Amino acid sequence: MKLPNLFNPSNDMALASHVREYVPPKRIQQMEADLEALAAVWEGTMFSGPWGWSLATKRRYERMGVPVELLPSDDWIEEVRKLSSREYACEYIKELLEEFQDERLLGDGMFFCKDVSTLNSQLSTFCPHLLTLNSQLSTVNCHLIFKSPWSSSGRGVFVDRMADGKCQMSTLKRLQGFLSSQGGFVVDRFYENKVLDFAMEFFVHEDHTVEFLGWSVFHAGENGAYGYNYVESQEELLRRIDTDENLLLRLIEYHKEHLAKTAYHGPVGIDMLKTADGSIHPCLEINLRMNMGILALLLYEQYGSNATVALTPERGCGFQASLKEDRLQIDYTAGKK
């Protein structure tokens with residue numbers, strides 16, 4: 001018996017809650033219901049199953065009558081939860097940068113904070129390149145991005161345009177909320193000179209061999225909200241990325257080696273970005289689940305370039321997904337008041 005496919009992108013929030021009876025916000029419930037037909041894209045592939053695993057996903061399958069022996073253990077889900085946290089991504093990129101020692105790689109200012117009261121002092125300690133504190137300067141301005149440990153589609157992510165080298169009081173209150181609900185938050189430089197969002201897509205098999213599936217290139221808003229993925233050949237996506245291929249190949253091998261050591265098996269996406277000077281942030285976060293980048297790869301295999309396809313029912317109001325002009329995108333139409 002194969003597990004039924006589930007489009008449950010609320011799974012990252014379910015991981016944050018860490019309860020079996022998690023109920024997503026109403027708008028997210030609507031999105032999952034409106035876009036459930038997207039699960040057909042990975043039907044019959046090695047990705048069969050849910051978008052992502054959590055205790056809530058396991059409980060959902062139990063209610064569907066799926067035998068317990070076909071479901072992962074709670075301990076395995078706990079490991080997935082840990083590895084899916086952006087706290088783990090902070091540890092991961094620190095080790096990566098130490099090994100590579102490549103000035104083209106960004107991310108040395110990315111860290112996990114567990115105490116709001118010491119945040120401002122940590123900024124100067126961990127990110128001296130962000131805050132150029134100098135007695136001759138009366139004002140120090142920089143932009144930082146903050147992220148909760150688990151979130152999706154831009155929720156739990158925001159930018160603070162700091163002044164005088166300190167976070168605004170409204171920011172500190174919001175971060176206190178992250179601390180109370182999820183135990184901390186990620187701090188990173190906000191790259192205003194970003195020119196490209198892209199990702200490496202992998203599949204970790206049950207024998208822990210790791211397969212590189214390909215590249216995905218996508219667009220995300222300032223707060224991380226998903227815009228669209230390009231549905232193009234790997235050659236065209238690499239042209240868009242336009243980065244030293246030897247460096248990219250080294251990063252692929254590094255990720256394969258380290259993913260193979262984890263208990264996880266299934267799809268993985270590692271989000272990256274490129275700045276105007278050609279620098280690369282090699283690991284913004286690690287998504288241990290299905291993602292829109294893998295869907296874009298599958299859609300290219302199925303339709304090729306220049307296809308126009310409604311992937312979910314067209315609606316006068318609500319969410320719908322489509323493939324058009326080489327883009328996989330999700331649109332929302334509000335209903336009449």
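What follows is a chat about a predicted model, covering its sheet, some helix packing and a few single residues.

Colleague: Start with the sheet. How many strands form it, and in what order?

Modeller: This is a predicted model, to be clear. The open sheet has 8 strands, ordered S9-S8-S5-S6-S7-S12-S11-S10, and the pairing is antiparallel.

Colleague: Which strands stand at the edges?

Modeller: S9 and S10, the latter being residues 309-310. Each has a single partner strand, so one side of each is left without a neighbour in the sheet.

Colleague: Take S7. Is it mostly covered or mostly open?

Modeller: Mostly covered. S7 spans residues 226-230, and 4 of its 5 residues are buried.

Colleague: What does S7 pair with on the S6 side, and how many bridges are there?

Modeller: S6, residues 210-220, runs antiparallel to S7 and is joined to it by 3 bridges. Ala-220 is opposite Tyr-226 of S7. The two strands make a hairpin with 5 residues between them, and Gly-224 in that turn has a positive phi of about 85°.

Colleague: And how many bridges join S7 to S12?

Modeller: 3 bridges, with S12 (residues 327-333) antiparallel to S7. Asn-229 has Leu-328 of S12 as its bridge partner, and Tyr-228 has Gln-329.

Colleague: Which way does S11 pair with S12?

Modeller: Antiparallel, over 7 bridges, with S11 covering residues 318-324. Phe-319 sits opposite Tyr-332 in S12. S11 and S12 also form a hairpin, with 2 residues between them.

Colleague: What about phi at Glu-325?

Modeller: Glu-325 is in the loop between S11 and S12. Its phi is near 50°, which is positive in a residue other than glycine. Glu-325 is exposed, its relative accessible area being 67%.

Colleague: Which other non-glycine residue has a positive phi of about 50°?

Modeller: Gln-101 is one such residue. Gln-101 belongs to the loop between H5 and S1, where S1 is 111-113. Gln-101 counts as exposed because its relative accessibility is 64%.

Colleague: Switching to helices. At what angle do H5 and H9 cross?

Modeller: Roughly 130°, with the axes coming within 12 Å; H5 is residues 86-100 and H9 is residues 245-259. That angle makes H5 oblique to H9. The crossing is right-handed.

Colleague: Which residues meet there?

Modeller: From H5, Tyr-92, Glu-95, Leu-96, Glu-99 and Phe-100; from H9, Leu-247, Arg-250, Leu-251, Tyr-254, His-255 and His-258. Sorted by class, the contact has 6 nonpolar, 2 polar and 3 charged residues.

Colleague: Which strands does H9 lie across?

Modeller: S5 (194-204), S6, S8 and S9, and H9 runs at about 40° to S5.

Colleague: Now H4. Which of its residues are buried?

Modeller: Trp-76, Ile-77, Val-80, Arg-81, Leu-83 and Ser-84 are buried in H4, which is residues 74-84. Among the elements covering them are H1 (11-17), H3 (55-63), H5 and S9 (280-287).

Colleague: Where is Thr-262?

Modeller: In the loop between H9 and S8, the latter being 266-275.

Colleague: Is Thr-262 buried or exposed?

Modeller: Buried, because its relative accessibility is 13%, and the cut-off for buried is under 20%. Leaving out residues up to four places away in sequence, Thr-262 touches Leu-83, Tyr-88 and His-208. Leu-83 is among the buried residues of H4.

Colleague: What separates Thr-262 from Ile-330?

Modeller: Their C-alpha atoms are 32 Å apart, and along the chain they are 68 residues apart.

Colleague: Last one, Leu-295. Where is it, and which residues does it touch?

Modeller: Leu-295 is in H10, residues 292-303. At 1% relative accessibility it counts as buried. Its contacts, not counting residues up to four places away in sequence, are Val-41, Trp-42, Trp-51, Met-290 and Leu-328. Leu-328 is the S12 residue that bridges to Asn-229.

Colleague: How many Å apart are Leu-295 and Asn-229?

Modeller: 9.0 Å, C-alpha to C-alpha, with their positions 66 residues apart in sequence counted as separation.

Definitions and conventions. Residues are numbered from 1 along each chain as its sequence is written. This is a predicted model: local features need pLDDT of at least 70, side-chain atom pairs count only at pLDDT 80 or more; totals for chains, interfaces and linings use all residues. Side-chain values use heavy atoms; hydrogens and water are left out. Axes are lines fitted to C-alpha atoms, for helices over the stretch in contact, and angles run from 0 to 180 degrees between N-to-C directions. Helices (H or I, at least four residues) and strands (E, at least two) are DSSP runs, numbered from the N terminus. Angles under 35 degrees count as roughly parallel, over 145 as roughly antiparallel, 65 to 115 as roughly perpendicular and the rest as oblique. A crossing is left-handed if the near helix is turned anticlockwise from the far one by less than a right angle, and right-handed if clockwise. Contact means heavy atoms within 4.5 Å. Ala, Val, Leu, Ile, Met, Phe, Trp, Tyr, Cys and Pro count as nonpolar, Asp, Glu, Lys and Arg as charged, and the others, Gly among them, as polar. Buried means under 20% relative accessible area, exposed over 50%, partly exposed in between (1.4 Å probe, protein chains only). Two strands pair if DSSP finds at least two bridges between them.
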